[in-house]
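Hi everyone, thanks for coming. I'd like to walk you through a few backbone oddities today, so let's put the structure up.

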Amino acid sequence: MSRMKIIFMGTPKFAEWALGALIDGPHQVIAAYSQPPRPAGRGHKITPSPVQQLAEKFDIPVFTPTSLKKPEAQEEFKNLNADIAVVAAYGLILPKAILDAPRLGCINIHASALPRWRGAAPIQRAILSGDQETGITFMQMDEGLDTGKMLKTYRTVIHETMTAEELQGTLAKIGAREINKVISDLNEGRIMPMPQDEKDVTYAEKLRKEEGQVDWKSDAHHIGRMVRALNPWPGVYFDIGEDRIKILKAELLEETGPAGKI
């Protein structure tokens with residue numbers, strides 16, 4: 001098996017798992033791309049992303065451009081001469097010049113069983129919709145929004161009490177467990193990319209802050225899914241007078257009563 005040169009592109013903890021697996025794997029991570037350091041925590045201290053912190057720990061060069069549309073950023077990327085780029089929750093759009101630069105193109109670790117839940121919030125939308133399963137899809141990236149050909153899908157159950165944070169952890173571990181095999185199989189010609197079935201497409205719209213407000217006339221099951229899907233962000237809440245009450249955990253009961261009664 002030939003040793004590939006990999007560019008990794010990701011930002012949050014979800015992506016950190018995959019980067020760690022690639023660092024421990026048989027190939028060479030030659031560079032990491034991540035969102036620029038941003039204010040974090042109570043002190044709003046400027047903090048590098050989890051991906052940047054892990055890459056720097058292993059002396060991997062880190063690039064944090066605010067855009068990849070500028071010719072100089074594209075030239076810099078191309079000059080790395082990578083065999084493949086692996087993308088996971090990066091947060092920037094990749095122009096065609098970036099997608100075409102590596103020998104095997106760019107592959108994405110997407111947190112759903114595509115073509116269901118293309119888009120920004122697949123984990124939360126799957127829970128909100130009451131889906132019983134989801135997965136990780138390794139996908140060859142094109143210029144569309146999660147529209148590329150699928151390389152491999154690994155499915156997992158969404159348990160009834162599972163929060164978005166817990167499901168994200170499960171999916172991150174699946175992505176990390178399988179990424180080295182997927183890119184090796186792609187390099188050796190053992191994977192046949194498959195087009196997505198357009199009739200099964202659903203879109204996972206970006207979460208909005210106001211989605212966290214409870215309507216007590218909603219079905220109890222829906223409110224329970226909200227509490228699991230929207231923590232830690234945007235959080236689920238309701239107002240009593242001037243007080244805002246945040247709901248961190250909820251449990252469905254057999255008893256029935258008037259909506260909103262405590």
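Let's start with a quick one: does N81 count as buried or exposed? Have a look for a moment. Okay: N81 counts as exposed, because its relative accessibility is 52%, and the cut-off for exposed is over 50%. Keep in mind that what we're looking at is a predicted model.

So what's odd about N81? Its phi is near 55 degrees, a positive value, and N81 isn't a glycine. As background, most residues other than glycine have a negative phi. If you want to find N81, go to the loop that runs between α3 (71-78) and β6 (84-88).

Now over to D59. Here too we have a residue that is not a glycine but has a positive phi, about 60 degrees this time. You'll find D59 in the loop between α2 (50-57) and β5 (62-63). D59 counts as exposed because its relative accessibility is 70%.

Next up, peptide bonds. Most of them are trans, but let me show you a couple of cis ones. Which residue is joined to P115 by a cis peptide bond? That's L114, and omega for the bond is about 10 degrees. P115 itself is in the loop between β7 (106-110) and β8 (118-119).

Then scroll along to W233 and P234, which are also joined by a cis peptide bond, with omega about 5 degrees. And where is P234? In the loop between α7 (220-229) and β12 (236-240).

That's my tour, thanks for listening!

How values were computed:
Residues are numbered from 1 along each chain as its sequence is written. This is a predicted model: local features need pLDDT of at least 70, side-chain atom pairs count only at pLDDT 80 or more; totals for chains, interfaces and linings use all residues. Side-chain values use heavy atoms; hydrogens and water are left out. Helices (H or I, at least four residues) and strands (E, at least two) are DSSP runs, numbered from the N terminus. Buried means under 20% relative accessible area, exposed over 50%, partly exposed in between (1.4 Å probe, protein chains only).
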